[in-house]
Amino acid sequence: RRWKDSRQYPLPPGPKKLPILGNLFDIPRKGFIWLDYIEMCRKYDSDIIHLSALGNSIIILDSVKAASDLLEKRSSLYSSRPKSVMLNELVGWGAIAITRPNDDIWKSQRRILTNAISPTDVKRFHPKQIATTHELLRALAHSDDIIRDLNMWTTVLITDITYGIQGEEAQPFIKTAIEAVETITIATTPGAFAVDQISILKYVPEWFPGAGFKRKAREWNLLRTKMTEDPFRVTKERMAAGTATPSLASIALEKMDLTKDIAQQEELIKAASVTAHIGGTDTIVVTIASFILAMLMNPDIQTRAQLELDRVLAPGDLPTFSLEPDLPYIQQLFGRHQPVVPLCFPHLVTEDDVYSGYLIPKNSIIMPNVWSILHNEEDYPDPYEFNPSRFLDANGRIDPSVKDIGPAFGFGRRTCPGKELAMASLWIRIASILTCYKIEPEIDEHGNLAERKAEWYPGLTMFNHPLPFKCRFIPRSKDIEASLDMKFT
Ligand code: HEM
């Protein structure tokens, strides 16, 4: 009856559909798709629109109200994930929390993650965050490839937090993780693999002309196995030898219920660990890269942030977490202006539902437009201006009436379980970079400051990331050399 009742309602507005193909030709196929979806919602004057393509039903949510009404208030219906044949089945990532439907395996993995990196427990990782931040500061002093250095020192951090593996021993795992995460980024690019639209193609043999995706999937599957198995095995060996340092995996292994199936619990912990490893690297790298670009483009904001730091830090001191409450401006320098995942990760609705007088068909892919939400004129006047002060009141304290960057971390039961860890890692890195360095443009061949410019990857992607860029990290004081135990020149 529920099905019959809900089917009386119309679908949300959207472009006219062709027979069978639906809106295949209306779905944006070039970069910055989140902007195209904003335009589409404006055109149909609705914060909820519907598209279909080859039998898939897609819903775009363009306001925080719609996203929160559905993904949070009705989260029991809206917390599953669509299947990707390439990523989940052929490459084999279908057993990890981030891709998993809302089943018991997903619930168990989320429990493991939230137990090990809960907002209170996350403090235990502060020393690791500080140590890798200082390594990053040393690398930036002479960096000829900023994104590579950010990637390296973020993967080092996440490998240490997830498995407790550090230093030289971590290097092979870091290499594998960087390569594997890159393949995931490619596999999640919308429309990158026809097999995701026409699933029968998965049966095509590898030697068949045009079946290059099958060879790719086989190689990527090997990387997946290496990334999942190798560091987890080392953590277990270290625990057995009594030499493990606390990590997400070791904490979860220690908390296992010995009266229940151990092998099954270990599989879940292994999957939860590798999910954290995947979820926590590119997102942090891209957020810091965006922040560095924002500082390059906005020297006045950079100076204001550095004045705030200079007020609370003695010369030569580097930031520590205890100073966070005294540095409210620094807390506002990332997250809203250029969100990393502007269309979130797609959710899936598991039952027919009715919202605002529209039918939301069962198995629709739900994409909340986080970009649109974080650039909403009412919540953030002049939304395209990078203006961290908008989050502060007249006394320079955080203004609770301004909506924070929560939507950048997703919605409802699927909200990012690494949010606290991410916020702490980002804060310490951003505060430390600004304490040590003035971020300035390169010097061009005529000895002048090069033009300040910020360019973003223009191709089709789910991840909003800057193109590789160059800038100078100019040490702000000689005292910092001693603190970092290095020479800047
Ligand atoms: C700047 C940093 C980060 C951003 C912007 C970010 C953003 C997100 C977003 C938007 C989602 C999807 C939420 C949804 O579907 O509603 C997500 C999921 C997830 N994130 Fe993060 N994340 C960040 C860092 C991290 C870190 C450090 C970790 C782990 C330690 C992590 C682990 C995960 C996991 C496991 C999921 C999947 C949750 C699920 O499907 O149930 N993330 N993240």
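A polar contact is a pair of N or O atoms within 3.5 Å. Keep that cut-off at hand for these exercises, which explore a predicted model.

**Exercise 1. Find the polar contacts between the ligand and Arg 110, Arg 414 and Ala 97.**

Step 1. Start with Arg 110: a polar atom of its side chain sits 2.7 Å from a ligand oxygen. That is within 3.5 Å, so the pair counts as a polar contact.

Step 2. Turn to Arg 414, where a side-chain N or O atom is also found 2.7 Å from an oxygen of the ligand.

Step 3. Ala 97 takes part through its backbone instead, with an N or O atom 3.5 Å from a ligand oxygen.

Step 4. Now look at which elements supply two or more residues to the shell around the ligand: they are helices H5 (104-116), H11 (262-279), H12 (282-297) and H15 (419-436).

**Exercise 2. Describe the residues that surround the ligand.**

Step 1. There are 28 residues around the ligand, and those that come nearest are Trp 106, Arg 110, His 347, Arg 414 and Cys 416.

Step 2. Sort the shell by residue type: 17 are nonpolar, eight polar and three charged.

**Exercise 3. Which protein atom is the donor to the iron of the ligand, and where does its residue lie?**

Step 1. Check the surroundings of the iron atom: the protein gives a single donor, the SG atom of Cys 416, at 2.3 Å.

Step 2. Place Cys 416 in the fold: this residue belongs to the loop between helix H14 (370-374) and helix H15.

**Exercise 4. Why is Cys 471 not bonded to another cysteine, and how many disulfides does the structure hold?**

Step 1. Look for the cysteine sulfur closest to that of Cys 471: it belongs to Cys 436 and is 14 Å away. A disulfide needs two sulfurs within 2.5 Å, so this pair is too far apart for a bond.

Step 2. Count over the structure: the number of disulfides is zero. Cys 41, for instance, is in none, and its nearest cysteine sulfur, in Cys 344, lies 15 Å away.

Step 3. Compare accessibility with the 20% limit for buried residues. Cys 41 has a relative accessibility of 2% and therefore counts as buried, and Cys 471, at 7%, is buried as well.

**Exercise 5. Is Pro 475 buried or partly exposed?**

Step 1. Locate Pro 475 in strand E8, residues 472-475.

Step 2. Read its relative accessible area, 33%; because this falls between 20% and 50%, Pro 475 is partly exposed.

Step 3. Finish with a distance: Pro 475 and Gly 406 are 69 residues apart along the chain, and 33 Å separates their C-alpha atoms.

How values were computed:
Residues are numbered from 1 along each chain as its sequence is written. This is a predicted model: local features need pLDDT of at least 70, side-chain atom pairs count only at pLDDT 80 or more; totals for chains, interfaces and linings use all residues. Side-chain values use heavy atoms; hydrogens and water are left out. A residue is near a molecule or strand if one of its heavy atoms lies within 4 Å of it. A polar contact is a pair of N or O atoms within 3.5 Å; within protein, one must be able to donate a hydrogen and the other to accept it, and residues adjacent in sequence count only if both atoms are side-chain atoms. Helices (H or I, at least four residues) and strands (E, at least two) are DSSP runs, numbered from the N terminus. Ala, Val, Leu, Ile, Met, Phe, Trp, Tyr, Cys and Pro count as nonpolar, Asp, Glu, Lys and Arg as charged, and the others, Gly among them, as polar. Donors are N, O and S atoms within 2.8 Å of the metal (3.2 Å for Na, K and Ca); water is not among the atoms, so sites may look incomplete. Buried means under 20% relative accessible area, exposed over 50%, partly exposed in between (1.4 Å probe, protein chains only).
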